[in-house]
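Here is a short set of questions and answers to work through with the model at hand. Try each question before reading on.

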Amino acid sequence: MGEERFGEFVVVRRHGDGDVGHVAELVLDRPKAMNAVSSEMARSIAGACTALAADRDVRVVVVTSTHERAFCVGADLKERNSFTDADLLRQRPVARAAYTGVLELPVPTIAAVHGFALGGGFELALSCDLIVADRTAVVGLPEVSVGVIPGGGGTQLLPRRVGAARAAELIFTARRLQAAEARELGLVDELVEEGRDREAALDLAARIAANSPVGLRAAKRALRLGHGLDLRAGLEVEDAAWRSVAFSGDRAEGVAAFNEKRRPNWPGE
C-alpha cells in the first residue's frame, strides 16, 4: 500500500495488487477536530482530488476517516468565528473547491461513513456516488440552525437522493438522522454493522474496480450528465457515452474475454 500526504490533514492511499490495486482511499485525517473542514484541509481535499482525477490507474475512490467517532462534522466553525465578512468571501471558493473536487472525480466514488457526518461532512458523502454507513452513523444538514444554508452542494444533491419535499423537510428542520432512518429514507445506500463501513466500502470498491475503467468512467459521465434531463436528451447523453467506449480497447477485450471464458485484462483505453 502506498501513501501520499496532501498537507497535514489528508492522505491518499493506493491499495495493493489485483483489482484492489485500482482502488484509492481519500482519507480525512484531522482527528483532533473530528475532521472539521478548515481552509487548509479544504485545499488539501481539492489537491488530492486533482491528483486522483489525473491518475488513470485509479478506477474507484473511497472517502474514509481516521476519527473513530466521526466521518466529518462539517465546516470548521471555530476558524470561521474569527472571520470578517471579507475573510468569509475569500474563503468561499477554497471551501467550494473541496466539495466540487469530490463531486467531479471522473471515477466511481464511495463514502465510508461512521459516527457524525453533518453539514459539510454529509455533503462530502453526498458528493460521492454511493454511501456505505455503519450503525453509528448520524447524518444531517443542520446549517440553518447556525444561520447559513448548505453550501457544499447539499441543497442540490439531497433532493436528487430523496426528492424535493423530503429534502426540504430535512434542511428546514436541521434535524439529525440516525443510521437506520437514514437508510430507510435513502440518505445512505448500504448499512453495515458497527466498525465495518470502511471494510464494506473497500469490498464494494474492489468489485467495481474489476470492471472496465473506460466503461466505468463513461457510465458515471452518462449518469451524472443525464440526470434531470428529459428522456430524449438523456438518451442523447447516453449515446455519446456509448460511442466513447464502443470502439475502445476495453470493449474489444471485454468481448474477447467473454467468448474465451476468461477474466478480462483491461487495457484501460
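Q: In what sense do E4 and E6 run, parallel or antiparallel, and how many bridges join them?
A: The model is a predicted one. One pair of opposite residues in these strands is Val-62 and Ile-110, the latter in E6. The two strands E4 and E6 run parallel, and the number of bridges joining them is 3.

Q: Which residue in E8 does Ile-110 stand opposite?
A: Strand E6, residues 109–113, is also joined to E8, by 4 bridges, and these two strands run parallel. In this pairing, the residue opposite Ile-110 is Leu-130.

Q: How many of the 5 residues of strand E6 are buried?
A: A residue counts as buried when its relative accessible area is under 20%. On one side of E6, Thr-109, Ala-111 and Val-113 are buried, and on the other side Ile-110 and Ala-112 are buried, so both faces are covered. The strand is mostly covered, and the number of its residues that are buried is 5.

Q: What is the order of the strands in the open sheet of 7 strands?
A: The sheet has mixed pairing. Its edge strands are E1 (2–6) and E11 (190–192), each of which pairs on one side only. Averaged over the sheet and ignoring direction, neighbouring strands are turned by 20 degrees against each other. From one edge to the other, the order is E1-E2-E3-E4-E6-E8-E11.

Q: Which residue in E11 is the bridge partner of Asp-134?
A: E8 covers residues 130–134, and its pairing with E11 is in the parallel sense over 3 bridges. For Asp-134, the bridge partner in E11 is Val-192.

Q: Which residue in the turn between E1 and E2 has a positive phi?
A: E1 and E2 run antiparallel and are joined by 5 bridges. In this pairing, Gly-2 has Arg-14 of E2 as its bridge partner. The two strands form a hairpin with 3 residues between them, and the turn residue with a positive phi, about 65 degrees, is Gly-7.

Q: What angle does the direction of helix H1 make with that of E2?
A: Helix H1, residues 39–54, packs on the sheet. The strands that H1 touches are E1, E2 (10–14), E3 (23–28) and E4 (60–65). Its direction and that of E2 make an angle of about 25 degrees.

Q: Is Thr-64 buried or exposed?
A: Thr-64 lies in strand E4. Leaving aside residues up to four places away in sequence, Thr-64 touches Glu-25, Leu-26, Val-27, Leu-28, Phe-71, Ala-112 and Arg-198. Its relative accessibility is 2%, and the cut-off is under 20%, so Thr-64 counts as buried.

Q: Why are H9 and H10 roughly antiparallel?
A: The axes of H9 (residues 213–226) and H10 (residues 231–246) come within 9 Å and cross at roughly 170 degrees. Angles over 145 degrees count as roughly antiparallel. H9 is therefore roughly antiparallel to H10, and the angle behind this is roughly 170 degrees.

Q: How do the residues of the contact of H9 with H10 divide into nonpolar, polar and charged?
A: The crossing of these helices is right-handed. On the H9 side, the contact includes Val-214, Ala-218 and Leu-225, and on the H10 side it includes Val-237, Ala-241 and Val-245. The division is 7 nonpolar, 3 polar and 2 charged.

Q: Is Asn-35 buried or exposed?
A: Asn-35 is in the loop between E3 and H1. Its phi is positive, near 65 degrees, although Asn-35 is a residue other than glycine. The relative accessible area is 0%, which is under 20%, so Asn-35 is buried.

Q: Is Lys-261 buried or exposed?
A: Lys-261 is in the segment after helix H11 (249–259). Lys-261 is not a glycine, yet its phi is positive, at about 55 degrees. With a relative accessible area of 76%, which is over 50%, Lys-261 is therefore exposed.

Q: What distance separates the C-alpha atoms of Arg-232 and Val-255?
A: Arg-232 is in helix H10, and this residue is exposed, with a relative accessible area of 69%. Along the chain, Arg-232 and Val-255 are 23 residues apart. Their C-alpha atoms are separated by 29 Å.

How values were computed:
Residues are numbered from 1 along each chain as its sequence is written. This is a predicted model: local features need pLDDT of at least 70, side-chain atom pairs count only at pLDDT 80 or more; totals for chains, interfaces and linings use all residues. Side-chain values use heavy atoms; hydrogens and water are left out. Two strands pair if DSSP finds at least two bridges between them. Axes are lines fitted to C-alpha atoms, for helices over the stretch in contact, and angles run from 0 to 180 degrees between N-to-C directions. Contact means heavy atoms within 4.5 Å. Angles under 35 degrees count as roughly parallel, over 145 as roughly antiparallel, 65 to 115 as roughly perpendicular and the rest as oblique. A crossing is left-handed if the near helix is turned anticlockwise from the far one by less than a right angle, and right-handed if clockwise. Ala, Val, Leu, Ile, Met, Phe, Trp, Tyr, Cys and Pro count as nonpolar, Asp, Glu, Lys and Arg as charged, and the others, Gly among them, as polar. Buried means under 20% relative accessible area, exposed over 50%, partly exposed in between (1.4 Å probe, protein chains only).
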